[in-house]
Amino acid sequence: MSTVTDKPNKETPPPHDDHSPVREIDWQDFRDHLATADKLGHRQWVYAKKPSGKWTQRRTALAVLLIGIMFAGPFIHINGNPLLMMNIVERRFSILGQLFWPQDAVIFAVAMLTFLTGIILFTTAFGRLWCGWTCPQTVMMEMVFRKIEYLIEGDALAQRALAQSPWNARKLWKKGLKLGIFFALSFIIGNTLLAYIIGSDALLKIITDPPSQHIVGLIFMLMFTLLFFAIFARFREQACTFICPYGRLQSAMLDENSVVVAYDNKRGERRDRLHRDQTALQRSAAGAGDCIDCHQCVAVCPTGIDIRNGLQMECVHCTACVDACDSVMRKVGRPEGLIRYASLNSIEKREPIRFTARMALYSVVLFGLISLFMALVLTRPAVEAIFLRAPGALFQATGNGKIENLYTLKLVNKTMKDLPVELKLENVSGTLQVMGQQNLVVPAAKLIQTSVLIELDQTKLTGATTKLKVGVYSGGKLLQRVNTVFVGPRNTATP
Ligand code: SF4
Ligand code: SF4
């Protein structure tokens, strides 16, 4: 992806204010090292200034909604199933109240393809909108943990001063209070994640039962808590830069028509400090652009980068720099939007933002995949039957001209109701007996396994193997028809 400003002004590096919360940017090699690490690889802590403005307000409103859904998610049930559950342990999954089993592997594969195509389309069109607005990592970091940090330690300058001050009672209190709250929040987030994996009922059992009954569950609770505590207290923006593959893939997905948070270098350059008593006309006559080089966009950036250097891997499109720059533009009497949502072409060539052929192609593929996914889900049988010949068993002649075969039957009930099930031979007359059961009932959301004995008259056989169709019925309604084979003696005459 090309950048908005590929060649920073190397001759005139901006003067740096030593009292600024912003770490000095190395203008010579900003692409060769991370903004949050020095040349030796040591971490450079980001003290991001508190952002404010219309984009921050919009993101806050959305974050409140998303955080509500995220924490309520495991406790919301549709048709008795969780809104979202990824029970890897029991291999049961629930999406929007629909239960999925390992037998639904095809649906899963289509769902994953749909998800990936959606991400590619979304990123191609709107850049990293997901990262800045909806990613749980950014939402929790910027809208919860960082806001608590501002409340306890103050804005960026106060945070930096506190970090550099010697340890005393005040610093111990502030750091202890902050980390205590962070740990409590991490515990809640960890438990929520656990509820998404094992279900809210299982989580409540871990909480209410004696600890000795759920040692493994408690270990996972502690592990998730420590993991989130480490991420939000220490790792922070590094999770987006080093770990998340999506951020690293963006350069392959974006093009010059993608809408990203971008600095309008055509309008902003040549950047120059605001001079007292200089009119806008004089400023423009002197060749200066609208950027007054105040570094406010850098000061608020939670990833520590300078958006004026162009699109960078670290940028999570959080819009904090948009708000900061808009506020500066209002103060200096210039139009807002020096930093804004824009495509590279809209800045460089002043073209309108376009829906490109590439986006159209991805949309068609996405629409096809969504249709396929919906069709698979809607036509999915309520009961999945797996009917296999019992391993190692051949056939048995009963002595009265009949042959018996033994089968293993697995039935998965994908509904939240107990289902009575009947089995019928569909293409040949014979007897079918479920071993040890008068009435076969599959409990709600459960898998059962049983044995089935089929007996056919030898005259009905079509050879050493005879094709069988077995119908699975519930309440007289055909749920599924399974195919299998019936094995008989080799010398059975073929009619
Ligand atoms: S906030 Fe706006 S005016 Fe200030 S340095 Fe950034 S781009 Fe330039
Ligand atoms: S450059 Fe702007 S949009 Fe990107 S992460 Fe920094 S503040 Fe957020």
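Student: Let's start with the sheet of three strands: in what order do they come?
Tutor: Keep in mind that this is a predicted model. The three strands make an open sheet, paired in the antiparallel sense. Reading across, the order is β3-β4-β5.

Student: Why is one side of β3 and of β5 left without a neighbour?
Tutor: β3 covers residues 84-87 and β5 covers 98-100. Both stand at the edges of the sheet, so one side of each has no neighbour there. The reason is that each has just a single partner strand.

Student: How many degrees are neighbouring strands of this sheet turned against each other on average?
Tutor: Ignore direction here and take the average over neighbouring strands of the sheet. The turn comes to 20 degrees.

Student: And which residue of β5 stands opposite Phe93?
Tutor: β4 spans residues 92-95, and it pairs with β5 over three bridges, antiparallel. Across from Phe93 in β5 you'll find Phe100.

Student: On to the other sheet: in what order do its four strands come?
Tutor: It's an open sheet too, with antiparallel pairing. β13 (440-442) and β16 stand at its edges, each with a single partner strand. From one strand to the next, the twist averages 35 degrees. The full order is β13-β11-β15-β16.

Student: Is β15 largely enclosed or left open by the rest of the structure?
Tutor: β15 runs over residues 465-474, ten residues in total. Seven of those ten are buried, that is, under 20% relative accessible area. So β15 is largely enclosed.

Student: Which residue in β15 is the bridge partner of Leu423?
Tutor: Four bridges join β11 (residues 419-425) to β15, and the two run antiparallel. In this pairing Lys424 stands opposite Gly471. For Leu423, the partner in β15 is Val472.

Student: Which residue takes a positive phi in the hairpin of β15 and β16?
Tutor: β15 and β16 (residues 477-487) are antiparallel and joined by ten bridges, with Tyr473 opposite Leu478. Two residues lie between the strands of the hairpin. The one with a positive phi, near 55 degrees, is Gly475.

Student: Which element gives the largest share of the largest nonpolar core?
Tutor: The core has 31 residues, and Val261, Ile307, Cys321 and Ile339 touch the most other members. Elements supplying at least two residues each include β6 (260-263), α14 (320-331) and β7 (339-342). With seven residues, the largest share comes from α14.

Student: How many residues are in the second core?
Tutor: This core is separate from the one we just covered. Among its members are Ile403, Leu423, Val452 and Leu456. Its count is 26 residues.

Student: What about ligand 1: how many charged residues does its shell have?
Tutor: Around ligand 1 sit, among others, Tyr263, Cys291, Asp293, Cys294, Cys297 and Arg308. By class, the shell has nine nonpolar residues and one polar. That leaves the charged ones, which number two.

Student: And how many charged residues are in the shell around ligand 2?
Tutor: Ligand 2 is surrounded by 13 residues, the closest being Cys301, Cys315, Val316, Cys318 and Cys321. Ten of the shell residues are nonpolar and three polar. The number of charged residues is therefore zero, as the class list gives ten nonpolar, three polar and charged, none.

Student: Last one: is Ser212 buried or exposed?
Tutor: Ser212 lies in the loop between α7 (200-208) and α8 (215-235). Its relative accessible area is 59%, and the cut-off is over 50%. So Ser212 counts as exposed.

Key:
Residues are numbered from 1 along each chain as its sequence is written. Chains are lettered from A and ligands numbered from 1 in the order in which they are written. This is a predicted model: local features need pLDDT of at least 70, side-chain atom pairs count only at pLDDT 80 or more; totals for chains, interfaces and linings use all residues. Side-chain values use heavy atoms; hydrogens and water are left out. A residue is near a molecule or strand if one of its heavy atoms lies within 4 Å of it. Two strands pair if DSSP finds at least two bridges between them. Axes are lines fitted to C-alpha atoms, for helices over the stretch in contact, and angles run from 0 to 180 degrees between N-to-C directions. A nonpolar core is a set of buried Ala, Val, Leu, Ile, Met, Phe, Trp, Tyr and Cys residues joined through side-chain atoms within 4.5 Å. Buried means under 20% relative accessible area, exposed over 50%, partly exposed in between (1.4 Å probe, protein chains only).
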